[in-house]
Amino acid sequence: MRVKNVIEPFVIKINIEEEIINNYNEHIINRLSNMKNLYLNENVYEEMLKEEDKLLYEVYLKTVLEDPGELIQGLTILYPGKVGNEFFMTKGHFHRIFYTSEIYFCLKGRGILLMETTNGNWKAEEMKPGIIIYVPGQWAHRCINIDKTDNLVTFFCTRADSGHDYKLIEQKGFRKLTVDKDNVPIIIDNPKWNKCKNIL
Ligand code: PAN
Ligand code: ZN
């Protein structure tokens, strides 16, 4: 039998009202300035940034050993808003260990989970309380908040060492975007897709 460090069982409590977990050990804050080149309307993006480096989403993580046998869990709170007519979203990523999968469990709000593969498949799943989405390995994933006022709160769980690979998304973007058209969220082709911007 493989010998590795044994950790103690533990419990996480989600406070849905407060939108927090009790024993997180990492807190990530993402602001507008972290989303350079990801939104379609660059002029509106720059104008908004001049006014305020708005808080777009926060992630509370419960990390354990970065071991393939362990899991990482957490809560993402994505605030409502738009850049131009494009809804606030997470950056989106592939996993560093490409074939690792993930569970998304929506607890609050209304959103879209946009997923795509490097060979051109894409899928958009509705997020609302009670919906659990299985994101298989090799699929990039991004949350979009399509509500005008409510936060989108999602619990996630993936392999502890799955990691994040943001490079491809930062360079190419997602093939699809979610925009507000006359008060209806619609998914459109991303005209900027693959216009390879080197933002590093
Ligand atoms: C999530 C995401 C989290 C933030 O924990 O990392 O929702 O999204 P970005 O990492 O794309 O900014 C996850 O999918 N982990 O693998
Ligand atoms: Zn992920």
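Here is a walk through the structure, from the overall fold to the metal site, the salt bridges and a patch on the surface. Keep in mind that this is a predicted model.

Let's start with the whole chain. The protein has 2 helices and 15 strands. Its radius of gyration comes out at 17 Å, close to the 16 Å that the globule rule gives for 200 residues, so the protein is as compact as a globular protein of that length. If you lay the C-alpha trace along its principal axes, it spans about 55 × 40 × 30 Å. As for the interior, 43% of the 200 residues are buried.

Now zoom in on the metal. Ligand 2 is a zinc ion, and the protein atoms that hold on to it come from H93, H95, E102 and H141. The three histidines each offer NE2, while E102 uses OE, and these donors lie 2.1 to 2.2 Å from the zinc ion. Read along the chain, the donors follow the spacing H-x1-H-x6-E-x38-H. What is the geometry around the zinc ion? There are 6 donor atoms, and the angles they subtend run from 76 to 174 degrees, which makes the arrangement octahedral. For octahedral, opposite donors have to be over 155 degrees apart and all the others between 65 and 115.

Are the histidines H93 and H95 buried or exposed? H93 has a relative accessible area of 8%, so it is buried. H95 is buried too, with 4%. The cut-off behind both calls is 20%, since anything under that counts as buried.

On to the charged side chains. Side chains of opposite charge can pair when their charged atoms come close. How many salt bridges does a search of the whole structure find? The search turns up 15.

One of them joins the side chains of E42 and K192, with 2.9 Å from N to O. E42 sits in helix α1 (residues 42-51) and K192 in the segment after β15 (184-189), so this pair ties together parts that are 150 residues apart in sequence. E42 has 30% relative accessibility and therefore counts as partly exposed, and K192 is also partly exposed, at 21%.

Helix α1 has a local pairing as well. Here K50 forms a salt bridge with E47, and the closest N and O atoms are 3.2 Å apart. Because the two residues are 3 apart in helix α1, about one helical turn separates K50 and E47. K50 counts as exposed at 66% relative accessibility, whereas E47, at 47%, is partly exposed.

Then there is D180, which forms a salt bridge with K148, the closest N and O atoms being 3.5 Å apart. D180 lies in strand β14 (residues 176-181), and K148 is in the loop between β12 (140-145) and β13 (152-159), so the pair ties together parts that are 32 residues apart in sequence. D180 is buried, with a relative accessible area of 9%. The pairing doesn't stand alone either: K82, K148 and D180 are linked in a network of salt bridges.

Finally, take a look at the surface. I7, F10 and L65 make a nonpolar patch of about 210 Å². I7 is found in the segment before β1 (14-15), and with a relative accessible area of 33% it is partly exposed.

Key: Residues numbered from 1 in each chain as written. Chains lettered and ligands numbered in written order. Predicted model: local features only at pLDDT ≥ 70, side-chain atom pairs only at ≥ 80, totals over all residues. Heavy atoms only, no water. Donors = N, O, S within 2.8 Å, 3.2 Å for Na, K, Ca; no water. Tetrahedral: all angles 85-135°; square planar, octahedral: opposite > 155°, others 65-115°. Buried < 20%, exposed > 50% of the residue type's maximum accessible area, 1.4 Å probe, protein only. Salt bridge = Lys/Arg side-chain N within 4 Å of Asp/Glu carboxyl O. Helix = DSSP H or I, 4+ residues; strand = E, 2+ residues; numbered from the N terminus. Patch = residues over 30% accessible without salt bridge, like charges linked within 9 Å, V, L, I, M, F, W, Y side chains within 5 Å. Areas by Shrake-Rupley, 256 points an atom, 1.4 Å probe, with all protein chains shown as cover. Rg over C-alpha atoms; globule rule 2.2 N^0.38 Å.
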